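Trainee: Could you walk me through one part of this model up close? I'd like a single connected picture rather than a tour of everything.

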Amino acid sequence: MIRKIFCSIFTAVTLILLTTVFVIAGCVYGYFSDIQEQEMSDELELAALAVQEIGAPYLEQLTGDRYRLTWVSPDGSVRYDTQADAQTMENHLEREEIKEALQMERGTSFRYSATLTEKTRYEAIKLSDGSVLRISVSRITMIRLLIGMIQPIAVILILALILSAFLAHHMAGKVVEPLNHLNLEAPLENDTYEELSPLLHRIHAQHRQIAEQVKNLRQKTDEFTQITEHMQEGLVLLNKTGTILSINPAACRLFGTDFQCVGADFLCIERKPDLKKALEDAMETGHSEVHAARGGRDYQFDLSRIESDGAVLGIVLLAFDITEQVDAERKRREFTANVSHELKTPLQSIMGSAELIENALVKPEDLPRFVGHIRKEASRLLSLIEDIIRLSELDEGGEQQKEPIALHEMIDEIFSILHDAAQAKQVTLSVTGDATLWAHRRSLHEILYNLCDNAIKYNKEGGRVEVDVQQSAQQVQICVTDTGIGIPLEHQHRVFERFYRVDKSHSKQSGGTGLGLSIVKHAVIAQGGTISMESVPNEGTRMTITFPCDP
């Protein structure tokens, strides 16, 4: 601001000064030129009168060198010159002023010397004898006059520079001071130049617009933060160079980092080559997808390129936990394979026996054994199909009619059904405690029957099966404990899966379908309960079921 004011003042002063110098020099030069011409004419007339009376002796008596007098004969030869030898001077008949004087009594001419920057004025007058007397005088030109004034002009310019700097500083301070104290937070409250009023009104309007935009932006940011913080999926926003712009808590847990990683390169927290390759593919093609395991769980990473007006802004990365889907898919494949196998085995046995009977390859005395085998395999097949249907019903859910059930009475009923199986292995059955539970009778009977049946099947000769019932104000707990073969630790987390068997050979001998514990688990969950297991190999297993008391 000060610089602009200084340049303006200095330029104005310089232009005024130069204009003034040229005007004054022109006026002075014109004024003195007129005086010089008048004096020159007067001197010429006086000299002409003297030359006509006295002749050459008059000119010889002149000693001044301000004016130069030259006496020229009518034929152009020089009779006398006050500053040169007349004998050596050339003929002046063709000189403009001489020629004009001979013709018109008086003549005038000017000659300019670029070397000396001088202009010489010649004036001639015709005498009575026909000769011509000429007077000449040299005077400086306007350019030489200005050159002579360079020093005073330079001094004045220096003074003007100093004065301009002082005035600029002083004036700029006065002009800028109100601007420096403008309150831009409240533009309309300023008492300053009237010319600034439109600007302050525009600033005020922009303040309102910016405040509204900031409010909306803050609201959207808060909404985005609230949404991303509560997302179960991991979310990472990257710019086009791979720098982290935003990361939510789920992604922090997934990649083992914290919010301090914002601003860092994504590859600093994730160096796996598969994800690096997915980033490169997303930048090139717009989208990529990769599956990877992290922390014992399966994740699907979806990467999408973000564009605006044709320019790439960055990448958004979403991480989905697909462990349950992967497990469900694995279980589905295993279930399909197991169902196929479990159905195929008895059917093949039935078809083999039926073909032997059909082709009369069975002796009459062996026919009852083959028919019994067919019946046994058909019964096993029917049990398998019934269990599969029951599991399907439990998977579909649906409302179940509940009623109060005396647990001790139901357990005694189950013991009576399993008495022969327990007697065959000399297993002792016992029940302690009692409670009344609101539950679906069929589902609860299936739960207790399967647990007690398994406890007998996988027990040792002379073992025990104990059922303990406990009731509190909030829950009913049923514990089924056996002294059987137990379950190895590496199998315990899978015993509730469909068709999973710890010892397939022993399970086949016991006639199980591999769906009993899976039915138990789904039935317990359908009743709103929980089931847990404790088992030690060769010592026994304890199954604990807990149901809420609230019907």
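Mentor: Let's start with one pair: Ser430 has Glu466 as its bridge partner in E14. Keep in mind that this is a predicted model. That pair belongs to a parallel match, with five bridges joining E12 to strand E14, residues 464-471.

Now zoom out to the sheet around them. It's an open sheet of five strands, with mixed pairing and the order E12-E14-E15-E17-E16. The edges are strand E12 (428-432) and strand E16 (530-536); each has a single partner strand, so one side of each is left without a neighbour in the sheet. If you compare strand directions while ignoring which way they run, neighbouring strands here are turned by 10° against each other on average.

Next, look at what covers those strands. Helix H11, residues 407-417, lies across E12, E14 and strand E15 (475-482). Relative to E12, the helix H11 runs at about 175°.

From there, have a look at Thr436, which sits in strand E13 (residues 436-439). Thr436 is partly exposed, with a relative accessible area of 46%. Leaving aside neighbours within four places in sequence, the contacts of Thr436 are Pro404, Ile405 and Gln471. You can also check Thr436 against His408: they're 28 residues apart in sequence, yet 8.6 Å apart in space, C-alpha to C-alpha.

Further along the chain comes helix H15, residues 516-526. Its buried residues are Gly516, Leu517, Ser518, Ile519, Val520, Ala523 and Val524. For the pattern in that list, remember that an α-helix has 3.6 residues a turn, so residues three or four places apart point the same way. H15 is followed by Gly528, with a positive phi near 80°.

How far can you trust all this? The protein chain averages a pLDDT of 81, and 88% of the residues score at least 70. Among the elements of the chain, E15 has the highest mean pLDDT, 93, while helix H14 (residues 504-510) has the lowest, 47. Over residues 505-510 the pLDDT is below 50, and beyond near neighbours in sequence that stretch has seven contacts in the model. I'd go easy on those contacts: where pLDDT is low, the predicted coordinates should not be read in detail.

Terms used. Residues are numbered from 1 along each chain as its sequence is written. This is a predicted model: local features need pLDDT of at least 70, side-chain atom pairs count only at pLDDT 80 or more; totals for chains, interfaces and linings use all residues. Side-chain values use heavy atoms; hydrogens and water are left out. Two strands pair if DSSP finds at least two bridges between them. Helices (H or I, at least four residues) and strands (E, at least two) are DSSP runs, numbered from the N terminus. Axes are lines fitted to C-alpha atoms, for helices over the stretch in contact, and angles run from 0 to 180 degrees between N-to-C directions. Contact means heavy atoms within 4.5 Å. Buried means under 20% relative accessible area, exposed over 50%, partly exposed in between (1.4 Å probe, protein chains only). pLDDT is the predictor's confidence in each residue, from 0 to 100.
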